[in-house]
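Trainee: Could you walk me through this protein step by step? I would like to ask questions as we go.

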Amino acid sequence: MLIPYQQIDPTTLVTLIEHYVLREGTDYGDSEITTEQKVAQVKAQLQSGEALIVFSELHESVNIVSKAQFQAMQSEDYQSESIY
C-alpha cells in the first residue's frame, strides 16, 4: 500500500527518512555526504515521485523504495496471483 508522504507528520517523515538513510549503507565514493544531505536527497525524490513510501501489511513495516522497485514488486505480485 502506498502512503503519500504529504500525509505523514513532517517530524515523523524526517525520522522515517533518517532511518532509511542510516540503514542504507551506501558508499558515496571519494566525497562523504552528510546525513542531512542524504535526507534532503531522499525527500526531494519523494517530492518528485522518484521514491515512494510503501506499507507492507504482511510484514507490518514501512519502507522507502524507488518507483522502479515498486513497479517491479507490483509486477511480481501480479505474476504470482495469476499462477493460481
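**A guided look at the model**

Mentor: Let us begin with one residue: Val-14 is found in helix α1, which covers residues 10-24. Please keep in mind that this is a predicted model.

Trainee: Is Val-14 buried, partly exposed or exposed?

Mentor: The relative accessibility of Val-14 is 28%. Buried means under 20% and exposed means over 50%, with partly exposed in between. Val-14 therefore counts as partly exposed.

Trainee: How far is the C-alpha atom of Val-14 from that of Lys-43?

Mentor: Along the chain, Val-14 and Lys-43 are 29 residues apart. In space, the separation of their C-alpha atoms is 8.3 Å.

Trainee: Now the overall plan, please. In what pattern do helices and strands follow one another along the sequence?

Mentor: The protein has three helices and three strands. Reading along the sequence gives the pattern β-α-α-β-β-α.

Trainee: In what order do the strands sit in the sheet?

Mentor: Three strands form an open sheet, with antiparallel pairing. Its edge strands are β1 (2-3) and β3 (61-66), each of which pairs on one side only. The order is β1-β2-β3.

Trainee: How many bridges link β2 to β3?

Mentor: On its other side, β2 pairs with β1 in the antiparallel sense over two bridges, and Ile-3 has Ile-53 of β2 as its bridge partner. Strand β2, residues 51-56, also pairs with β3 in the antiparallel sense. Within that pairing, Ala-51 stands opposite Ser-66. The number of bridges between β2 and β3 is six.

Trainee: Which residue is the bridge partner of Val-54 in β3?

Mentor: Val-54 is in the range of β2, residues 51-56. Its bridge partner in β3 is Asn-63.

Trainee: What angle does the direction of helix α2 make with that of β2?

Mentor: Helix α2, residues 35-48, packs on the sheet and touches β2 and β3. The angle between the directions of α2 and β2 is about 85°.

Trainee: How many of the six residues of β2 are buried?

Mentor: Strand β2 is mostly covered. For the protein, buried residues make up 21% of the 84 residues. In β2, the buried residues number five.

Trainee: Why do the buried residues of α2 line one face of the helix?

Mentor: The buried residues of α2 are Lys-38, Val-39, Val-42 and Leu-46. Seen down the helix axis, they line one face because they fall within an arc of 100°.

Trainee: What distance does α2 reach from its first C-alpha to its last?

Mentor: Helix α2 has 14 residues. At 1.5 Å a residue, 20 Å is expected, and the helix comes close to that. Its reach is 20 Å.

Trainee: Which residue follows α2 with a positive phi?

Mentor: Look just after the helix for a phi near 90°. The residue there is Gly-49.

Trainee: What is the phi of Glu-60, and where is this residue?

Mentor: Glu-60 has its place in the loop between β2 and β3, and their hairpin has four residues between the strands. Its relative accessible area is 67%, and over 50% counts as exposed, so Glu-60 is exposed. Its phi is positive in a residue other than glycine, with a value near 50°.

Trainee: Leaving aside its neighbours within four places in sequence, which residues are in contact with Val-62?

Mentor: Val-62 lies in strand β3 and is partly exposed, with a relative accessible area of 36%. Its C-alpha atom is 9.5 Å from that of Met-1, a residue 61 residues apart along the chain. The contacts you ask for are Leu-16, Ile-53, Val-54 and Phe-55.

Trainee: What share of the protein's contacts with a separation of 6 or more joins residues 24 or more positions apart?

Mentor: This takes in the contacts of the protein with a separation of 6 or more. Residues 24 or more positions apart account for 40%.

Trainee: Lastly, what share of the exposed area do carbon and sulfur atoms supply?

Mentor: The protein exposes about 6,300 Å². Of this area, carbon and sulfur atoms supply 51%.

Terms used. Residues numbered from 1 in each chain as written. Predicted model: local features only at pLDDT ≥ 70, side-chain atom pairs only at ≥ 80, totals over all residues. Heavy atoms only, no water. Pairing = 2+ DSSP bridges. Contact = heavy atoms within 4.5 Å. Axes fitted to C-alpha atoms, helices over the stretch in contact; angles between N-to-C directions. Buried < 20%, exposed > 50% of the residue type's maximum accessible area, 1.4 Å probe, protein only. Areas by Shrake-Rupley, 256 points an atom, 1.4 Å probe, with all protein chains shown as cover. Expected span 1.5 Å × (residues − 1). Arc of directions from axis to C-beta.
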